[in-house]
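Hi everyone, thanks for making room for me today. I'd like to walk you through one protein chain, piece by piece, and I'll put it up on the screen now.

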Amino acid sequence: MRRREFVKAGIGGAAVAAAAGGTAAAEGRAPEGAGVGAEGVPRVLEEGAPAGREAGGRWVRPEIGVEYVAVEPRDGEAAEVRFATAGGSTAWRPVHVHGGGPDGSPATTALAAAPPGCTGYQVRAEGGVVRSAALNVTQGPQVRIGGRRGGGLRADTGAPGGAEVTYLTRAGWGADESLRFDGSGEEIWPAEYYPVQTVTVHHTAVETTGDHAADVRAVYHYHAATQGWGDIGYHLLIDPEGRVYEGRYSGEDGLPVFAEEPAPGSAESVTAGHVYLRNSGNIGVCLLGDFTDAMPTDAAVDALVAVLRLLCERTGVPPNGEVEYENPVNGETAVQLGVSRHRDWLATECPGNTFAAAFDEVVRPRLEGGYR
C-alpha cells in the first residue's frame, strides 16, 4: 500500500477499526490508567556519529539531546557505552546485541538508554564499532496522531464477561506511521500473514524511563528507521506497569497481530522481525526493560501470562507442548515448546539471564489450562 492510499483509507489518521468480539476498541475505551488522548507526540530525532568517531572510541557530542544510543559493533561483538553528564562521565556499561530482526535483515545493533541530562557518549567494542547514533524522543516537532487509542482482545468471543486483554493501539502510544513508508510513498515492509505455530518471549534489553509510551516509540524508531526495517519487530509489548502495546502493523481492520479474528487452527499472524530466519508464524511478545540482572515487575509478569494464555487459546498453540516449527517462506525448521524464550531459538541472552532462569518457575506453570 502506498502512503497516500494509507492516508486516504484513514489508517493512522482516522479511527482505527474496532477489533471483533465485543472488544474495548469497539467501545472506544483505553486500558485503565493509560494516560492517552494527546493530539500529537514529539517526532523522534536521530543524529549519527561523525565518520570514524565511533570506531575510534572518542567522545561523540550530538547537537540533539541524547536520550538513547544505538550501537552497531563489528561482527555483532559485545560492546559497551558510557555517557557524559553534568556530574562527569558514567561507568562503562554493556549493551546487549539481539539476534533478531526480519528474515532478510538480521539485527547486529543494540540500544541503550542514556541518563537524564546526557550531553555525549562513547562506545567501544573489541572488534570495533561500525556506527552509532543518538536518539531523542521528547524534543522533536509534534507529529499529529489520530485514531482510537485503546483496544482489547477477548479470550473467548462467545463468552460474555470472558477474559480480555486491553492494549494501547499504535495511535494510543503515538506511532509515527510515516516511518513505514519510503521517500516515494511505498510501504517498506508490507504485511504478510501465515498460520500461527508458536509464540516467543523477549525483553528490549533497555532500561525504561518514566514515559513508557516514549520507550515504545524509541524502540519503534530504532527498528523502523535506524535499522531500516520499516516497522517495529514485535507484535505486542508490555511495560513495567502491565500495560500492553500493539506492535507491528497488521492491516486496516484495527486488529493487532492477526489477519482477521483468530480461531484455533485458522489463526494467521502478520510476519514480524524478532527471531531471525524464524519469524513467519511466530508471534513475538516483548517486555520493556533489561532483565539481565533483575526480574520484571509482578505487574509485567501477570500481564505477560495473560497475553500468552489468550494468544494460545485463540490460536491453538500448545504453550508447554512441543511444536515442529517450519518457516513457510524459507523452510527453516526447529523443535520448540509452543511458548519459548528468544534464547531457545538463537545464541542470545534475551529475555535476560535473570528472567530467563526464572521463566519455567514464574511463567510456564501459569500457562496450563489452555490448549496443550
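Okay, let's begin with a sheet. Four strands build an open sheet, and going across you meet them in the order S2-S9-S3-S7, with antiparallel pairing. So what about the edges? Strand S2, residues 45–48, sits at one of the edges and strand S7, residues 110–113, at the other; each has a single partner strand, so one side of each has no neighbour in the sheet. From one strand to the next, the twist averages 25°.

Before I go further, please keep in mind that this is a predicted model.

Now zoom in on one pair in that sheet. Strand S3, residues 68–73, and strand S9, residues 129–136, run antiparallel, and six bridges join them. If you'd like one to click on, try Tyr68: its bridge partner in S9 is Leu135.

Back to the edge strand S7 for a moment, since Leu111 is in it. Is Leu111 buried or exposed? With a relative accessible area of 4%, it falls under the 20% cut-off, so Leu111 counts as buried. Leu111 also shows how folding brings together parts of a chain: Leu111 and Ala70 are 41 residues apart along the chain, yet their C-alpha atoms are separated by 4.5 Å.

Keep going along the chain from S7 and there's a loop that leads to strand S8, residues 120–125, and Ala114 is in that loop. At 17% relative accessibility, Ala114 counts as buried as well. Its C-alpha atom is 6.8 Å from that of Phe83, and those two residues are 31 apart along the chain.

Next up is strand S4, and here we've got several partners to talk about. Which strands does S4 pair with? Let's take them one by one. With S8, S4 runs antiparallel and shares six bridges; Glu80, for instance, has Arg124 in S8 as its bridge partner. With strand S6, residues 93–95, S4 (residues 79–85) has three bridges, again antiparallel, and there Ala79 stands opposite Val95. Then there's strand S5, residues 88–89, which is joined to S4 by two bridges and is antiparallel to it. In that pair, Thr85 has Gly88 as its bridge partner. S4 and S5 are also connected by a hairpin, through two residues.

Right, time for a helix. Helix H4 covers residues 212–226, and we can do a quick sanity check on its length. How far should its 15 residues span at 1.5 Å a residue? The expected span is 21 Å, and the C-alpha atoms at the two ends are 20 Å apart, which agrees. If you tried multiplying and got something else, that's because the expected span is 1.5 Å times one less than the number of residues.

What happens at the ends of H4? At the N-terminal end, Asp211 acts as a cap: one of its side-chain oxygens lies 3.3 Å from the backbone nitrogen of Ala213. After the helix comes Gly228, with a positive phi near 80°. As for the helix itself, H4 is mostly covered, with 14 of its 15 residues buried.

One residue of H4 also helps us link up with another strand. Val41 is in strand S1, residues 40–42, and it's buried, with a relative accessible area of 12%. Val41 and Arg217 are 176 residues apart in sequence, but 9.6 Å apart in space, C-alpha to C-alpha.

Now for the empty spaces. How many cavities of 30 Å³ or more does a search of the whole structure find? Three. The largest cavity holds about 180 Å³ of space. It's lined by 20 residues, and the closest to its centre are His98, Thr204, Tyr222, His223 and Tyr234. H4 comes back here, because it gives the largest share of that lining, with three residues. S7 and H4 each supply at least two residues of the lining, so our edge strand turns up again too.

One last stop: Thr198, in strand S14, residues 198–203. Thr198 is buried, with a relative accessible area of 1%. A polar atom of its side chain lies 2.9 Å from the backbone oxygen of Gly338.

That's my tour, so over to you for questions.

Methods
Residues are numbered from 1 along each chain as its sequence is written. This is a predicted model: local features need pLDDT of at least 70, side-chain atom pairs count only at pLDDT 80 or more; totals for chains, interfaces and linings use all residues. Side-chain values use heavy atoms; hydrogens and water are left out. Two strands pair if DSSP finds at least two bridges between them. Axes are lines fitted to C-alpha atoms, for helices over the stretch in contact, and angles run from 0 to 180 degrees between N-to-C directions. Buried means under 20% relative accessible area, exposed over 50%, partly exposed in between (1.4 Å probe, protein chains only). A polar contact is a pair of N or O atoms within 3.5 Å; within protein, one must be able to donate a hydrogen and the other to accept it, and residues adjacent in sequence count only if both atoms are side-chain atoms. On a 1 Å grid over the protein atoms alone, a cavity is a set of points where a 1.4 Å probe fits but cannot get out, and a pocket is an open set with protein on both sides within 12 Å along at least five of seven lines; lining residues have an atom within 4 Å of a point. Grid points are joined across faces, edges and corners, and a volume is the space filled by probe spheres set on the points.
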